[in-house]
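Subject: The structure for you to look at

Hi there,

Here is the structure I promised to pass on. Please open it beside this email, and then read on for what turned up.

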Amino acid sequence: PVMHLDFEIGVPEAGSYSEVLNSDYQEFGGSGQQTGERIFTIPEDRHNCAQHIKIKVPPMATIILQRYD
């Protein structure tokens, strides 16, 4: 399993995003890798979206993000 730093993923709406759930938290038996406080969109196309975010993707984990205005 490999962690990916600065993984770019297109998002449908500009703004800031925050982690709601990360299955890699230590309380779930993971390694404790987190994406950070707030993640702000970057106005460059990725994956058919007008903006993207850069996140840390922990190995073998699921991350759920929520957008904030």
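To begin with a question: does Ser 18 count as buried or exposed, going by its relative accessibility? With a relative accessibility of 14%, Ser 18 counts as buried, because the cut-off for that word is under 20%. Please keep in mind that this is a predicted model.

Ser 18 sits in strand β2, which covers residues 16–22. Leaving aside residues up to four places away in sequence, Ser 18 touches Glu 37, Arg 38, Ile 64, Leu 65, Gln 66 and Tyr 68.

**The overall picture**

The protein chain has five strands and zero helices, and along the sequence the pattern reads β-β-β-β-β. For 69 residues, a compact globule would be expected to have a radius of gyration near 11 Å, and the 12 Å of the protein chain agrees with that. If you like to think in boxes, the C-alpha atoms fill one of roughly 35 × 25 × 15 Å along the principal axes.

Buried residues account for 26% of the 69 in the protein chain. The exposed area comes to about 4,700 Å², and carbon and sulfur atoms supply 50% of it. On the charge side, there are 5 positive and 10 negative charges, and their mean positions lie 3 Å apart.

Contacts that span a long stretch of sequence are well represented here: among contacts with a separation of 6 or more, 65% are between residues 24 or more positions apart. Some of the residues below show what that looks like up close.

**The nonpolar core**

Which residues make up the largest nonpolar core? There are five of them: Val 11, Tyr 17, Ile 39, Ile 53 and Ile 55.

Ile 55 is a good one to click on. Ile 55 belongs to strand β4, and its relative accessibility of 9% makes it count as buried. Leu 5 is 50 residues away from Ile 55 in sequence, yet their C-alpha atoms are 6.7 Å apart in space. Beyond residues up to four places away in sequence, Ile 55 touches His 4, Leu 5, Asp 6, Phe 7, Thr 35, Ile 39 and Leu 65.

Ile 53, another core member, has contacts that include Val 11, Tyr 17 and Ile 39 from the core list. Ile 53 also touches Phe 7, Glu 8, Ile 9, Phe 40, Thr 41 and Leu 65, again not counting residues up to four places away in sequence.

**Between the strands**

Thr 41 is found in the loop between β3 and β4. Is Thr 41 buried or exposed? Its relative accessible area is 18%, and so Thr 41 is buried, the cut-off being under 20%. Thr 41 and Ser 16 are 25 residues apart in sequence, with 6.1 Å between their C-alpha atoms. The contacts of Thr 41, not counting residues up to four places away in sequence, are Val 11, Glu 13, Ala 14, Gly 15, Tyr 17, Gln 51, His 52 and Ile 53.

The loop between β3 (39–40) and β4 (51–57) also holds His 47, and Asn 48 lies there too. Although His 47 is not a glycine, it has a positive phi of about 50 degrees. Asn 48, also not a glycine, has a positive phi of about 65 degrees. His 47 counts as exposed at 53% relative accessibility, and Asn 48 counts as exposed at 86%.

In the loop between β2 and β3 you will find Gly 36. With 42% relative accessibility, Gly 36 counts as partly exposed. Gly 36 and Val 20 are 16 residues apart in sequence, and their C-alpha atoms are 11 Å apart in space.

**The end of the chain**

Where is Asp 69 found? Asp 69 is in the segment after β5, the strand that covers residues 63–68. Its relative accessibility is 86%, so Asp 69 counts as exposed. The C-alpha atoms of Asp 69 and Tyr 25, 44 residues apart along the chain, are separated by 26 Å.

If you have only a few minutes, I would turn to Ile 55 in strand β4, and then to His 47 and Asn 48 with their positive phi values.

Best wishes, and happy browsing!

Note on methods
Residues numbered from 1 in each chain as written. Predicted model: local features only at pLDDT ≥ 70, side-chain atom pairs only at ≥ 80, totals over all residues. Heavy atoms only, no water. Helix = DSSP H or I, 4+ residues; strand = E, 2+ residues; numbered from the N terminus. Rg over C-alpha atoms; globule rule 2.2 N^0.38 Å. Buried < 20%, exposed > 50% of the residue type's maximum accessible area, 1.4 Å probe, protein only. Contact = heavy atoms within 4.5 Å. Areas by Shrake-Rupley, 256 points an atom, 1.4 Å probe, with all protein chains shown as cover. Lys, Arg positive; Asp, Glu negative; His and termini not counted. Charge placed at Lys NZ, Arg CZ, Asp CG, Glu CD. Core = buried A, V, L, I, M, F, W, Y, C linked by side-chain atoms within 4.5 Å.
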